[in-house]
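Colleague: I should like to learn how to read the features of a model such as this one. May we take them in turn, with the general idea before the case?

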Amino acid sequence: MRLVFAGTPDAAVPSLRALAASAHVVVGVVTRSDAPLGRKRVLTPSPVAQAAEELGLPVIKADRLDAAATAAITALEPELGVIVAYGGLVREPLLSAPDHGWINLHFSLLPAWRGAAPVQRALIAGDRVTGASVFQLVPELDAGDVYGELQHPIADGTTAGDLLAALSVSGATLLEEVVDAIAAGTATAMPQQGEPTLAPKLVLEDGRIPWTDDAEAVLARIHGVTPEPGAWTILDGARLKVHRARRQQVAEVLPPGRFAAPGGDVLVGTGTDPVVLETVQPAGRGTMSAADWWRGLRIESLEADA
């Protein structure tokens, strides 16, 4: 079957590689335009663009699937469109252009967490199980019938980066199975069941740590926004990023937002028990252990700015 693949970030690369190695033919890859990265803001192709080049696949770079992109994709005469984290909407007439329409690999158990940040929102909400779904793309956001899904338990300490990396691999296998079934004429899709929840894209403010919340919610927030947009708090007017934190096993009494290290570990008070900071990044510096950062301060305690 002739496939056109649309995707942009690292999470889409395993799916592209799986389909390129399958019995199907990837006739084109659609990805977003090169973006400025790093301190020098060097224009850099997306991870999917780089993978497509390695695989020798033709690439269409487009930030929107407008008339020009639609014409370029339609000219490839795809039988099925496959989308994984492309970062744009597929609308008519492109939606109906392939014989079998478009399918989407989404990193949640639909209808839970429809939207741009399903993995991050699931972690922030404290979900213990998530997964991936392959569904038929329709005009309504992430609302189409589901061809297949997989479940993935969420272990303690898992960050959004960890979880997305795992789901991108297992999801690629699921996606290939669905494509095979569509090609064979054996695929069946079922309507989504249950009340939808939404997963809008995260912004910088979503990373601010709410120290007055209970410890579980604080850790869920830190894990859910790592690595992007990143967890942070303000100390003496400067931003401190928190990359890793964990539960405190021995009860300590600290008010919310109070930093202290009475036994070596750097603790921060929450609405319940304190949490332990493991790795942090002060403003203008690299990532370091929280213990090393604290020793450099030479103080006994510190309060996060409100």
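Colleague: Where is the place of Ala85?

Modeller: The model is a predicted one. Ala85 sits in the loop between E6 and E7. Its backbone deserves attention, since phi of Ala85 is near 55°, a positive value in a residue other than glycine. With a relative accessibility of 36%, Ala85 counts as partly exposed.

Colleague: Which other residue has phi near 55°, and where is its place?

Modeller: Arg298 has a positive phi near 55°, again in a residue other than glycine. Arg298 belongs to the loop between helix H7 (290-297) and strand E16 (301-303). Its relative accessibility of 76% makes Arg298 exposed.

Colleague: How should one read the helix that Arg298 follows?

Modeller: One asks which residues are buried and where they point. In H7, the buried residues are Ala290, Trp293 and Trp294. These buried residues lie on the same side of H7, because they cover an arc of only 95° around the axis. The face of H7 turned away from that buried side carries the exposed residues Arg295 and Gly296.

Colleague: Which peptide bonds are cis, and what is omega there?

Modeller: Omega is the angle to inspect. A cis peptide bond joins Glu92 and Pro93, with omega about 5°; Pro93 lies in the loop between E6 and E7. Another cis peptide bond joins Thr226 and Pro227, with omega about 15°. Pro227 is found in the loop between helix H6 (215-224) and E10.

Colleague: How does one look for empty space in a model?

Modeller: Rolling a probe the size of a water molecule over the atoms shows where empty space is left. In this model, the largest pocket has a volume of about 1,600 Å³. Its lining comprises 46 residues, of which Pro9, Ala85, Tyr86, Gly87 and Ala116 lie nearest its centre. The elements that give two or more residues to this lining are strand E3 (35-37), strand E7 (102-106), helix H4 (118-124) and helix H5 (160-184). The largest share, four residues, comes from H5.

Colleague: How do the residues of that lining divide into nonpolar, polar and charged?

Modeller: The lining of the largest pocket has 27 nonpolar, 12 polar and seven charged residues.

Colleague: What is the volume of the second largest pocket, and which residues are the closest to its centre?

Modeller: The second largest pocket has a volume of about 250 Å³. Of its 16 lining residues, Pro229, Arg239, Lys241, His243 and Gln281 are the closest to its centre. Strand E10 (231-235), strand E11 (238-247) and strand E14 (275-282) each supply at least two residues of this lining, and the largest share, three residues, comes from E11. By class, the lining of the second largest pocket has seven nonpolar, four polar and five charged residues.

Colleague: Is E7 largely enclosed or open, and why?

Modeller: For a strand, one examines burial, side-chain direction and pairing. Five of the five residues of E7 are buried, so E7 is largely enclosed by the rest of the structure. Trp102, Asn104 and His106 point one way from E7, while Ile103 and Leu105 point the other way. Strand E6 (residues 80-84) pairs with E7 in the parallel sense over three bridges, and the bridge partner of Val82 in E7 is Ile103. E7 also pairs with strand E8 (residues 129-136), in the antiparallel sense over four bridges; there the bridge partner of Asn104 is Phe135.

Colleague: How many salt bridges are there, and which residues are linked in a network?

Modeller: One looks for oppositely placed side-chain N and O atoms within 4 Å. The count comes to 12 salt bridges. Arg128, Asp156, Glu216 and Arg247 are linked in a network. Within this network, Asp156 and Arg247 meet at 3.5 Å, N to O, and the two are 91 residues apart in the chain. Glu216 and Arg247 meet at 2.8 Å. Glu216 lies in helix H6 and Arg247 in strand E11, so this pair ties together parts that are 31 residues apart in sequence.

Colleague: Which residue forms a salt bridge with Arg17?

Modeller: Glu54 does, the closest N and O atoms being 2.7 Å apart. Glu54 in helix H2 (residues 47-55) and Arg17 in helix H1 (residues 13-20) are 37 residues apart. Glu54 counts as exposed at 58% relative accessibility, whereas Arg17 is partly exposed, with a relative accessible area of 35%.

Note on methods:
Residues are numbered from 1 along each chain as its sequence is written. This is a predicted model: local features need pLDDT of at least 70, side-chain atom pairs count only at pLDDT 80 or more; totals for chains, interfaces and linings use all residues. Side-chain values use heavy atoms; hydrogens and water are left out. On a 1 Å grid over the protein atoms alone, a cavity is a set of points where a 1.4 Å probe fits but cannot get out, and a pocket is an open set with protein on both sides within 12 Å along at least five of seven lines; lining residues have an atom within 4 Å of a point. Grid points are joined across faces, edges and corners, and a volume is the space filled by probe spheres set on the points. Ala, Val, Leu, Ile, Met, Phe, Trp, Tyr, Cys and Pro count as nonpolar, Asp, Glu, Lys and Arg as charged, and the others, Gly among them, as polar. Buried means under 20% relative accessible area, exposed over 50%, partly exposed in between (1.4 Å probe, protein chains only). Two strands pair if DSSP finds at least two bridges between them. The arc is that of the directions from the helix axis to the C-beta atoms.
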